[in-house]
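Biologist: Could you take me slowly through one part of this model, beginning with a single side chain and working outward into the surrounding architecture? I would like the cut-offs behind each term as you go.

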Amino acid sequence: MSKKTAIIIGAGPAGLTAAYELLEKTDIHPIILEESDQVGGLAKTVNHHGNRMDVGPHRFFSKSDRVVEWWLRLLPLQATTPGGHTITYHGRHHELQVANPGPDPQSEDRVMLMIKRKTRIYFLRKLFDYPIRLSWDTLTKLGVIRVFRIGVSYLQSLLLPYRKEENLEQFFINRFGKELYLTFFKSYTEKVWGIPCNQISAEWGAQRVKGLSIGKALLHAVRKALSGARFTASKQVETSLIEQFMYPKYGAGQMWEETARIVRERGGELRHGCRVTGLKTDGMRIVAAEAVNVATGESCQLEGDYFFSTMPIRELVAGLRGDVPKEVRRVAGGLQYRDLITVGLLVHRLNLRDERNGQRGGLVPDNWIYIQESDVKLGRLQIFNNWSSQMVADPNTVWLGLEYFCNEGDDLWETTDDELTHLAAEELCRIDVINPQDVLDSTVLRTKKTYPVYDGAYDHFDVVRKYLDQFENLFLIGRNGMHRYNNQDHSMLTAMRAVENILQGVTSKDNIWSVNAEDAYHEEK
Ligand SMILES: Cc1cc2nc3c(=O)[nH]c(=O)nc-3n(C[C@H](O)[C@H](O)[C@H](O)COP(=O)(O)OP(=O)(O)OC[C@H]3O[C@@H](n4cnc5c(N)ncnc54)[C@H](O)[C@@H]3O)c2cc1C
C-alpha cells in the first residue's frame, strides 16, 4: 500500500505541530504549503540588521503539561537556580518541575529562557502597574482629584447600574465606574478593536474580563494590609503576582524554525511561496489543494488523503469547490479580522524614568507597555532588550516594537513606511518616551488577520463549523484556521488532537473545537 499524504496549509505553530506529530506518531507523509518565505506565522521573528522583532509579544506559557514538555524537548530550559525550576503560571493552574542542569544561554543557542514578566500601563505620562493594583503608588500617580472622582463614579455605578448591559462600555462602567473605565480601559480597548466600546457587545466583555471587579481588588488590598508579611510570603501571592514565562533565546520564531528543521530532517516537506487558493471536493471529501506559486503565478494541484487548514476560514470557504450552501458562503464571507502594523524602532536610549533608581535614560524593566494615552494611535510598546539580549545587535541601544492595530486598507495600513516611521518616532517623543535625536534605525512590518473578530457574521459561525466538520478528512486547526482567539499552545493542541483523531479513527471534530473553549486566560486579559 502506498503511503498516505497529509496536505497542511500554513507553516505557523499549528501547521508545523501537525507535521511534527504526524511524523512522530504515524506513517503519513506531511507536505506543508506556506505562502510566505518564513516559518512561524504570527509567531515568527524577523531580523532587521541583526535586531530581532516578533509581530507582537509572544510569551510561551501554557496550562498544558504536554505543550510545555513539547517546547522544552525542542528548546531545553536554561540552567539557573540549583534544584531546578518550578514553573508556575497564573498561580494555581500549572506547576511543572524542571530539573537542572539546563543549557547555559551564554554559550548554547538552543535554549529557552525563563523571564519574569513586567508589564505596565502608560497613562498621564506615567507608568502604572499592570494588572492595576490598589496601591499607594497607583493612588499618588492618579492624584487626589481623580481618585475622588473614581470613588464617586464607582459609588454611582453601585447605586444606579445599567439594568441591562447592552454594550462593553456599560459592562465596564457597571463594574468599575465611569472614571476608572475612562482611565484604564476605554482608550486601549478602542485602539485594539477600532470601534468605540459602546459599539462592542457586552458578551465580549463577559468573555474577556470575567472575574475582574473592584470588589475583588479591594478585598485583595485589605487582606494584604491585614495579614502583612505573612500573607505576602504565602505561596498563593507569590505565584500569582510573580508571573514568569518562557521565551526562546532568538525570539518566538526560533521555536518554529527548530520545528521546521526537525520536520524536514525526518522527511516532511515544506514548500515556501506556495499559496493555497482552493480545495477540490468529491462529495464530502477533500481530494486536492489548488495552489499558486507566489513568485511565478504558476498554479498546481496537490492530491492528498488528509487536509489540515490553518488559513483564514473566510478564504478557505471562498476557495471551496463544489456545492457549498449559500448561507455557509455568506457567513464565512462576512467574518472579520483586525490587522496589525509593527514598527521596529532602534534608539540610543529611553526618556522614561526608571523607578528603581529615579533616573531617566536607562532601560526600564518592562517587557511591554500598554499605551492608554488617547492623543496617540500607538497601542502597545515592546522593549525587546527585556525579552532576550540576543534580540538586540548592540546592547548599548534599545530596540522597540510599536504596535498599531488597524484594518487592512484603512488610512494607517495605506501609510507609507517612511511616514509610519515618522509617526512612530513623533508619537513616542510626544508622550515623552524618547527624544527625537535618539532614533537610529527602523523597520515596518504589516501583518494581516492578527485578530479574528467575534462580531458581525461570527454570531452565525456555527453554520460554517457544522458544514466544514462534515468533511471527514478536513481538519481546521490553529487560530485563523478556526477563527478563534487561540494562543500558540491552543493552536498546537488542536493540531495534536487532529492527528490523534486520525490515529484513533475518531471522525467527530468536537474534541478539536473544545480546545480553549472556556479558558479564562488569553494573551490579553
Ligand atoms: C499580537 C499577537 C500577540 C500574541 N501573543 C501571544 C503570546 O504571548 N503567546 C502565545 O502563545 N500566542 C500569542 N499569540 C498567538 C499566536 O501567534 C497564534 O496562536 C499562533 O501563531 C497561531 O498559529 P497558526 O499556525 O494557527 O496560525 P498562524 O500563525 O497565523 O500561521 C498560519 C500560516 O499559514 C500561512 N497561510 C495563510 N494562508 C495561507 C494560504 N492560503 N496558503 C498557504 N499558506 C497560508 C501564513 O503565511 C502563516 O505562516 C499572539 C498573536 C498576536 C497576533
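**From one helix residue to the sheets**

Modeller: Arg465 lies in helix H16, where helices (H or I, at least four residues) and strands (E, at least two) are DSSP runs numbered from the N terminus. Residue numbers start from 1 along each chain as its sequence is written. The model is predicted, so local features need pLDDT of at least 70 and side-chain atom pairs count only at pLDDT 80 or more, while totals for chains, interfaces and linings use all residues.

Arg465 counts as partly exposed because it has 17 C-beta neighbours inside 10 Å; with C-beta atoms placed from the backbone, 20 or more others within 10 Å make a residue buried, 12 or fewer make it exposed, and anything in between is partly exposed. Its C-alpha atom is separated by 9.9 Å from that of His483, a residue 18 positions away along the chain.

Helix H16 itself covers residues 461-469, and its axis comes within 8 Å of the axis of helix H13 (residues 326-333), the two crossing at roughly 120°. Axes here are lines fitted to C-alpha atoms, for helices over the stretch in contact, with angles running from 0 to 180 degrees between N-to-C directions. H13 and H16 are therefore oblique to each other, the label that remains once angles under 35 degrees (roughly parallel), over 145 (roughly antiparallel) and from 65 to 115 (roughly perpendicular) are set aside.

Turning from the helices to the strands, strand E23 takes up residues 474-476 and pairs with strand E15 in the parallel sense over 3 bridges; two strands pair if DSSP finds at least two bridges between them. Two individual contacts show the register of this pairing: Phe307 has Leu474 of E23 as its bridge partner, and Ser309 stands opposite Leu476 in E23. Strand E15 comprises residues 306-309; Tyr306 and Phe308 point one way from the strand, Phe307 and Ser309 point the other way, and all of them are buried. This can be set beside the general rule that side chains alternate between the two faces of the sheet in a regular strand.

Strand E15 also pairs with strand E1 (residues 5-9), to which 4 bridges join it, and these two strands run parallel. Here Ile8 stands opposite Phe308 in E15.

The wider arrangement is an open sheet of 5 strands in the order E11-E2-E1-E15-E23, with parallel pairing. Strand E11 (269-271) and E23 stand at the edges with a single partner strand each, so one side of each is left without a neighbour in the sheet. From one strand to the next, the twist of this sheet averages 15°.

A second open sheet can be described in the like manner. Its 3 strands follow the order E12-E13-E14, and the pairing is antiparallel. The edge strands are E12 and strand E14 (299-303), each of which pairs on one side only, and the twist averages 25° from one strand to the next. Strand E13 (residues 285-293) is joined to E14 by 5 bridges, and the two run antiparallel; within that pair, Glu290 stands opposite Gln301 in E14.

Some loop and tail positions may also be useful as you inspect the model. Asp438 is found in the loop between helix H15 (417-430) and strand E22 (439-453), and it counts as partly exposed because it has 19 C-beta neighbours inside 10 Å. Asp438 and Arg349 are 89 residues apart in sequence, yet their C-alpha atoms lie 6.5 Å apart in space.

Two backbone angles deserve a look as well. Leu124, in the loop between strand E8 (119-123) and strand E9 (126-129), has a phi near 55°, a positive value in a residue other than glycine. Leu124 is partly exposed, because 13 other C-beta atoms lie within 10 Å. Asn516 likewise has a positive phi, of about 60°, although it is not a glycine. Asn516 belongs to the segment after helix H18 (510-513), and with 19 C-beta neighbours inside 10 Å it counts as partly exposed.
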